[in-house]
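User: Hi! Could you walk me through this one? I'd like to get a feel for how the parts sit together.

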Amino acid sequence: MSLESPISRRDFIRNGALLSTAILAGSAGAIPWLKGAGVAEAALMGIGQELRDVLNLETVNRILIEALARGGDFADLFAEQRFRTSIVLDDGKIDSVTYGYPRGAGVRVFRRHQTGYAFSDDIAYSSLLDAARVASSVVQNQSPVRPLDVTPRRIPPAFTLVAPAPLMGEPMKFDLLRRMDAAARSADPRIVSVRIDYVDEVRDILIGTSDGAYVIDRQYLVSIVCVPTAAQGSERRSGFSSLGGRVDQDYFPRRDPEGVAREAARQAITLLTAGPAPAGAMPVVIGPGWGGVLIHESFGHASEGDGISRGTSFLSGRIGTKIASPLLRVIDDARWANGRGSYTVDDEGTPGQRTTLIDGGVLQSYLLDRQSAGLLSMRSTGNGRRMTYRQWPIPRMTNTYIDRGVSDPASLLNGITKGFYAAEMGGGSVDTTSGNFNFAVRLGHLIENGQITKPVRGAILIGNSLETMGKIEGIGNDLVVEQTRGTCGKDGQMVPVGVGQPTVRFSSITVGGTAI
Amino acid sequence: MAVQTSTTIQETLERVRTLAERSGAAEAETYFEFITLAEARVREREVELIQQSAITGLGLRVLRDRKMGFLYTTDLRRNVIDELVLRTIALADQATPRDENKLPDQAFPPQGNLEIFDDAIAAMRPEQLIPLARSMEDNAVARDQKIQTTLDTRAGYAIGEVHFSNTFIPYQVFRSTTSWLTCTAVATDGGQKREGTYSDRKRIFLDLNTPERIGRKAAERALARLGAKPVPSTKVPVIFEAEAAGAFVGGLFGAFNGLNVIEQRSFLAGRKGQQIASPLVTIVDDGIQRRGLGSRPFDGEGSQTRKTVVVENGVLARFLHTVSTARRHNVQPTGNAARGYDSLPTVGPTNFYIDSGSSKPDAMIQEVPRGLYVTGTAGFGFDIAAGEYSQQVEGHWIEGGKLVRPVEGITVAGKLGDMLLGIDAVGRDLEFRTTFAAPTIRFKELTIGGV
């Protein structure tokens, strides 16, 4: 729900299958339970078929005319229909099965930095005309602006799915979860509980814009998160692993779901005997994949256009300047195949793209939506995203990663007499004004005399963005982009994202353990 | 955005529930929400955002042979809902039967007036929010020359209705209001920028802090952070100022969640009746607190809400439950089923807080020769299963009983069990601005990770 407490507005990323809301539809034939007659059936057929029928070119034109009746730089209509399935397996049982079917549409008007927004939980023409009037009220004392007539735009897909995972039958989904549960339980007698959360969704969107675009897209997403808990005496530790992305059904057999579940169980067991993490500043090496949470927090959020156009981000006005180690290249790629943060088109009708943010340590670009691009006299980079039709788009990351370096990962440990190796990471957050950021490590190891040694428990790691990026000493050649688990929160809006990196070495990061 | 009358909603819900029961559901529950909301955001005196909308959504839970299915939708057309009802019943069949799957079957007498609805908020118009937001920003900027701008200054309100019924409990409804004011000011000093946020959220409009005060406090918080530096790693007494202590108690909530306890995912599992915190500490979940942000006459599955003392003078008294977790523990539910129309009930807080103590916050600082005063925390640093804590913090260094300089870039860590037992002072400054709250608290000793 959009009513979350305004107390904290820190931008963050977390791991876990927290999709926000969600929904809708494959062809009825592909989803057995969708067979049947009636309007529900119609709503679930074809790509946004009903959205297209109700919100045809002519209706959309009329709504946009109303939206700009008091003036404005830009208006759009965003309609969305999702079908979401979630399954919880806990204590060896299928606890609950949920279907969600939210749909609705919103109308936005903006002029310079001013935005008006209203949505409706139904997609009736009259409701959306009302929404357009409400949204237009943000603009005062201006003459009407005539929007361009919308025409359908085809955008080449970021990648294609042959048999999208959300369309597999329920028996297959249950079978996957049961197999993972059994594998995690049998990994060790000390595993006392296993919880597995499955979520998938099919999201149809329709966007009409006052500069003449009419775009329809369908996005598939699936996520499985496995959390086994181990107990010994009074000690309890949880492990974590995940599967998913915007993937085909054959992804699961290829990824060995049992192996993934056993990996989470092994983490929990390792943590039972792990010592306390160290406290204080020291050399830190961060493992590949989800370790990219560091670049997401330390740099990614600050590159987003809203903070840039307001001048509150420390990266404002820094394009073309050196901001980090010359080793560093950072990419945001909306077209990364199967990425959790990937899309063909963003939520304001701009094609998703691959953007180089940092190259050779020099800032190359920001991540922009239409409004922030307009304010900066730049072009949108296709990063305008929204959680659902109940929110307006804001600049967001997609799949953000530190690009491959040249070092052999093992060599990055050389010369460290006492340091910290971050093996498994949790979530993180950042204050984009100061650049102070943090991310949680779930499982670490000590580095002693160039070797990874004893496992240690998790701790928070902290730093200041530019300062920390200046401390990069080496980047491995083992790039992994993690596509299964990231959910990024900002201004109360949660969106799925990917993060990634190869193994990266920092001369110093503050580790928040208890051992001094 | 058509507004339906209560009668229409009641008829729709009764029809849907009856259809479910006739179609094979042994038990069925409808949960319907209608929320109207508006928010205005101002920046540099101009309206940056204005939004106004209405949310309507229906959740349907069905049980068949102790197996549960759930569906939610915002599409309320009759033929759509009817189709979805049948599918949800078929869906339930795929779940595993659980003995504890049973809807509440006890109606209870009406609660006293919780004062969670304010006619003044219900009568508000979105344009009235703009001067409130402007006032916050003006007062933030007026506070000091170093405050040139704000990052996020907004005012909003929401008016909600929850309509509920199940196979055993007749249709019931409650209405509530919320209004909020929040300001994030930015202080600039040379190349250094720091933000400070102050917010308030209340059921009754007149209970809100004034926009003047909120703007001023936001500015003061931003200014206080200028020039902050890390300190060396050490072990010292640490005071959490009330708002940071409230965030701490929020992070601790999961340890009292009855589901986590029975699934061995809480470090407090098996500790009932034991001294788990300092005798100074009493922790309460109060679903019927007058004007409470988390107060409501019944919870997300129709159980009566109540006040539950979770930790009494340091002794772990009870855990918090929904109907199903209570059955698994063989105890009574506590009215803690939290949900929206689009989610199943899970154990959640109502108004969850550390009760007020007797110490003066100033005296708590004066008693510390050398230590840390924490004003803000950040990061996913609670491991509830393991009972471990590690977060990024900021605040002030204490020397000789005085706050001597601003601090940031450090961590605070400890074992949650040791931390709770080591609380050696609890302030008398409890105030509610969110659903989690605490007075100022002082930990005898925690580990600081710094330079």
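Analyst: Happy to! In chain B, the centres of domain 1 and domain 2, taken over C-alpha atoms, are 26 Å apart. Keep in mind that this is a predicted model.

User: Where do those two domains of chain B begin and end?

Analyst: Domain 1 of chain B is assigned to 119–157 + 178–225, and domain 2 of chain B to 228–451.

User: And how many residues are in contact between them?

Analyst: Nine residues of domain 1 of chain B are in contact with eight residues of domain 2 of chain B. On the domain 1 side, strand 6 (192–202) and helix 5 (211–225) of chain B are the elements that give two or more residues. Strand 6 of chain B has the largest share, with three residues.

User: What's the class make-up of that domain 1 side?

Analyst: The side of domain 1 of chain B that touches domain 2 of chain B has five charged residues, two polar and two nonpolar.

User: OK, switching to chain A. How far apart are the centres of its two domains?

Analyst: The C-alpha centres of domain 1 and domain 2 of chain A lie 24 Å apart. The bounds are 19–272 for domain 1 of chain A and 279–512 for domain 2 of chain A. Between them, 44 residues of domain 1 of chain A are in contact with 34 residues of domain 2 of chain A.

User: Which element gives the largest share on the domain 1 side there?

Analyst: That's strand 8 of chain A, with seven residues. By class, this side of domain 1 of chain A has 23 nonpolar, 14 polar and seven charged residues.

User: Nice. Now, how many residues are in contact between the chains?

Analyst: 78 residues of chain B are in contact with 81 residues of chain A. Strand 2 (residues 46–64) of chain B brings eleven residues, the largest share of chain B's side. That side has 30 polar, 28 nonpolar and 20 charged residues.

User: Which strands pair across the two chains?

Analyst: Strand 3 (residues 93–101) of chain A runs parallel to strand 3 (residues 67–73) of chain B, and five bridges join them. Within that pairing, Thr98(A) stands opposite Phe70(B).

User: Last topic: what's the strand order in the five-strand sheet of chain B?

Analyst: The order is 10-9-8-13-19, in an open sheet with mixed pairing. Strand 10 (315–316) and strand 19 (436–437) of chain B are the edges.

User: How does strand 19 join strand 13?

Analyst: Strand 13 (residues 352–354) and strand 19 of chain B run parallel, joined by two bridges. Tyr353(B) has Ala437(B), in strand 19 of chain B, as its bridge partner.

Definitions and conventions
Residues are numbered from 1 along each chain as its sequence is written. Chains are lettered from A and ligands numbered from 1 in the order in which they are written. This is a predicted model: local features need pLDDT of at least 70, side-chain atom pairs count only at pLDDT 80 or more; totals for chains, interfaces and linings use all residues. Two residues are in contact if their C-beta atoms, placed from the backbone, lie within 7 Å. Helices (H or I, at least four residues) and strands (E, at least two) are DSSP runs, numbered from the N terminus. Ala, Val, Leu, Ile, Met, Phe, Trp, Tyr, Cys and Pro count as nonpolar, Asp, Glu, Lys and Arg as charged, and the others, Gly among them, as polar. Two strands pair if DSSP finds at least two bridges between them. Domain bounds come from an automatic or database domain assignment.
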